[in-house]
Amino acid sequence: MEFYKVIKPLAEPEIDSDPAFHVVCVSLPGNGGSDHPNAKSLSVTDVATVLAELMHAMDYMQYAVHGSGYASVIACQIAALFPESCLATHLGTPIPNISRSFSLWQQCQNAFLFALPTLFF
């Protein structure tokens with residue numbers, strides 16, 4: 001896992017006054033340790049919706065998302081589709097194929113404008 005080393009410091013900070021977070025790490029369908037989905041086509045919107053539903057099923061009504069590589073597009077889509085739940089978005093890499101994804105890029109910009117005031121750390 002790409003961020004294995006930061007999970008414990010985020011969940012169990014060494015300094016008591018530092019905030020602790022619940023960290024949920026998922027493997028995107030067909031990537032990493034995840035099986036390929038049975039559906040013929042699973043869009044970015046489909047994956048974003050499934051992940052948002054997963055967070056709600058685990059009783060996380062508000063959260064921040066991070067994505068790098070392909071996951072950066074999904075993170076932006078979560079922010080654009082679920083702004084009442086996704087309070088902050090962090091991208092490890094720029095969104096690929098921006099020139100081909102203008103409407104998604106516009107959604108991401110709108111999501112960032114919403115998320116900026118909520119970034120505390």
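1. A helix here is a DSSP run of H or I with at least four residues, numbered from the N terminus. With that in hand, V6 is placed in helix α1. Please keep in mind as you read on that this is a predicted model.

2. Here is the overall layout. The protein contains four helices and two strands, and along the sequence these follow the order α-α-β-α-β-α. Of the 121 residues, 25% are buried. The accessible surface of the protein is about 8400 Å², and carbon and sulfur atoms contribute 59% of that area. Among contacts with a separation of 6 or more, 53% join residues that are 24 or more positions apart.

3. You may like to look at helix α3 next. This helix covers residues 70-81, twelve in number, and at 1.5 Å a residue it should span 16 Å. The C-alpha atoms at its ends lie 17 Å apart, which agrees with that expectation. Nine of the twelve residues are buried, so α3 is largely enclosed by the rest of the structure. The buried set consists of A71, S72, V73, I74, A75, C76, Q77, I78 and A79.

4. The cysteines deserve a paragraph of their own. As a reminder, a disulfide is a covalent bond that links the sulfur atoms of two cysteines. Searching the whole structure turns up zero disulfides. How far is the sulfur of C86 from the closest cysteine sulfur? The separation is 9.1 Å, to the sulfur in C76. Because a disulfide needs two cysteine sulfur atoms within 2.5 Å, the C86 and C76 sulfurs are too far apart for a bond. Both residues are hidden from the surface: C76 is buried at a relative accessible area of 1%, and C86 is buried at 2%. C76 is one of the buried residues of α3, while β2 is the strand made of residues 86-91.

5. On the outside, there is a nonpolar patch to point out. Its members are F3, V6, L10 and V23, which together offer about 280 Å² of accessible area. V6 sits in helix α1, whereas V23 belongs to the loop between α1 (4-11) and α2 (44-57). V6 has a relative accessible area of 38%, so it counts as partly exposed. V23 is partly exposed too, because its relative accessibility is 33%. Those two valines are 17 residues apart along the chain, and their C-alpha atoms are separated by 9.6 Å.

6. Two prolines can be located in this part of the chain. P9 is found in helix α1 and is partly exposed, with 47% relative accessibility. Its C-alpha atom is 9.1 Å from that of F21, a residue twelve places away along the chain. P29 is in the loop between α1 and α2, and at a relative accessible area of 34% P29 is also partly exposed. Which spacing goes with P29 and V47, C-alpha to C-alpha? They are 7.9 Å apart in space and 18 residues apart in sequence.

7. D59 is worth a look for its backbone. Most residues other than glycine have a negative phi. Phi of D59, by contrast, is near 70°, a positive value in a residue that is not glycine. Where does D59 lie? D59 is in the loop between α2 and β1, the strand of residues 63-67. Is D59 buried or exposed? It counts as exposed, because its relative accessibility is 62%, and the cut-off for exposed is over 50%.

8. Finally, turn to E84, in the loop between α3 and β2. With 49% relative accessibility, E84 counts as partly exposed, since exposed would require over 50%. Which residues does E84 touch, leaving aside those up to four places away in sequence? They are M61 and Q62. E84 and M61 are 23 residues apart in sequence, and their C-alpha atoms are 8.5 Å apart in space.

How values were computed:
Residues are numbered from 1 along each chain as its sequence is written. This is a predicted model: local features need pLDDT of at least 70, side-chain atom pairs count only at pLDDT 80 or more; totals for chains, interfaces and linings use all residues. Side-chain values use heavy atoms; hydrogens and water are left out. Patches are made of residues with over 30% relative accessible area and no salt bridge: like charges are joined within 9 Å, nonpolar side chains (Val, Leu, Ile, Met, Phe, Trp, Tyr) within 5 Å. Accessible areas come from the Shrake-Rupley method with a 1.4 Å probe; for residues, only the protein chains shown count as cover. A salt bridge is a side-chain nitrogen of Lys or Arg within 4 Å of a carboxyl oxygen of Asp or Glu. Buried means under 20% relative accessible area, exposed over 50%, partly exposed in between (1.4 Å probe, protein chains only). The expected span of a helix is 1.5 Å times one less than its number of residues. Contact means heavy atoms within 4.5 Å.
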